[in-house]
Amino acid sequence: MENVGFKVHNLLAQIREVEQLKLLFYKVLMHARDSFTHPPAFGRLTCLQLNEVTGEALLNILHNSPILNTLVLQNGVSESNKDVLASAPVPQCFLSSLKVFQFKEFNVHELELLLVKFVMANAAMLEQMTICSAFWLRYSDIDMEKVKEQILSFPKCSNFVMIQCSNVNSY
């Protein structure tokens, strides 16, 4: 996996001028931590889609994407210290450009709720937040209406954000 992480880092360094980037490396992003300790600056990146990323890696990429306006996460955020979000400086894109945040396959884990809260509390330009729960939640005892109420109660930095929560039963 270390070799894969090195290759991912080299690939990202070669494409740092992209405007849209979709990284769907299943299981790789979780194990290639070193690739995202010092990611390249994505000065032109406006749309980013990631899956199975750690909170630390996500924050590092966000800090290096100053004009990002769309962020799509699939399959959750994993293996992170929850204190990372509590003490993290706010990425520049949250203050000036992030307008759309989509969280697909939301698993209702504590870290994911903290990330949603962090985005809502800090994304000043946010216009649309869409959270789609994971399929397996259909078979769980988790009360998604209570989760939705919790999410809607989080403080919002943007006065214009529209929040949509979709659970698997409404697909």
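How many aromatic pairs does the structure hold? In this predicted model, the structure holds 4 aromatic pairs, and two of these pairs are described further below. Before turning to the rings, it helps to look at the overall layout.

The protein contains 7 helices and 6 strands. Followed along the sequence, these elements appear in the pattern α-β-α-β-α-β-α-α-β-α-β-α-β. Of the 171 residues in the protein, 46% are buried. Contacts also reach far along the sequence: among those between residues at least 6 apart, 75% join residues at least 24 apart.

The strands come together in an open sheet of 6 strands, with the order β1-β2-β3-β4-β5-β6 and parallel pairing. At the edges of this sheet are β1 (20-23) and β6 (162-166), each of which pairs on one side only. From one strand to the next, the twist averages 15 degrees. As general background, strands of a sheet pair through backbone hydrogen bonds, either parallel or antiparallel. One pairing can be followed residue by residue: strand β5 (residues 128-133) runs parallel to β6 and is joined to it by 5 bridges. Within this pairing, Ile131 has Cys165 in β6 as its bridge partner.

Helices lie against the sheet as well. Helix α7 packs on the sheet, where it touches β4 (100-106), β5 and β6, and its direction makes about 165 degrees with that of β6. Helix α3 (residues 55-63) lies across β2 (47-54) and β3 (70-78), and runs at about 155 degrees to β2.

Helix α7 has a helical partner too. The axes of helix α6 (residues 110-122) and helix α7 (residues 144-153) come within 9 Å and cross at roughly 30 degrees. Angles under 35 degrees count as roughly parallel, and α6 and α7 are therefore roughly parallel to each other. Where the two helices touch, Leu113, Val116 and Met120 in α6 meet Val147, Gln150 and Ile151 in α7. The residues of this contact comprise 5 nonpolar, 1 polar and no charged.

Now for the rings. In general, a pair of aromatic rings is described by the distance of the centres and the angle of the planes. Phe101 and Phe103 form an edge-to-face pair, with 6.0 Å centre to centre and 80 degrees between the planes. The rings of Phe135 and Tyr139 are also edge-to-face, because their planes stand at 70 degrees, with the centres 5.7 Å apart. What about their surroundings? Phe101 counts as buried because its relative accessibility is 0%, and Phe103 is likewise buried, with a relative accessible area of 0%. Phe135, by contrast, counts as partly exposed at 44% relative accessibility, while Tyr139 counts as exposed at 60%. Phe101 and Phe103 also belong with Phe106 to one aromatic cluster.

Finally, two backbone angles deserve a look. Glu105, found in strand β4, has a phi near 60 degrees, a positive value in a residue other than glycine. This residue, Glu105, is partly exposed, with a relative accessible area of 30%. Val108, in the loop between β4 and α6, has a phi near 65 degrees, again a positive value in a residue other than glycine. Is Val108 buried or exposed? At 16% relative accessibility, Val108 counts as buried, because buried means under 20% relative accessible area.

Note on methods
Residues numbered from 1 in each chain as written. Predicted model: local features only at pLDDT ≥ 70, side-chain atom pairs only at ≥ 80, totals over all residues. Heavy atoms only, no water. Axes fitted to C-alpha atoms, helices over the stretch in contact; angles between N-to-C directions. Helix = DSSP H or I, 4+ residues; strand = E, 2+ residues; numbered from the N terminus. Parallel < 35°, antiparallel > 145°, perpendicular 65-115°, else oblique. Contact = heavy atoms within 4.5 Å. Nonpolar A, V, L, I, M, F, W, Y, C, P; charged D, E, K, R; others polar. Pairing = 2+ DSSP bridges. Phe/Tyr/Trp six-rings, centres within 6.5 Å; stacked < 30°, edge-to-face > 60°. Buried < 20%, exposed > 50% of the residue type's maximum accessible area, 1.4 Å probe, protein only.
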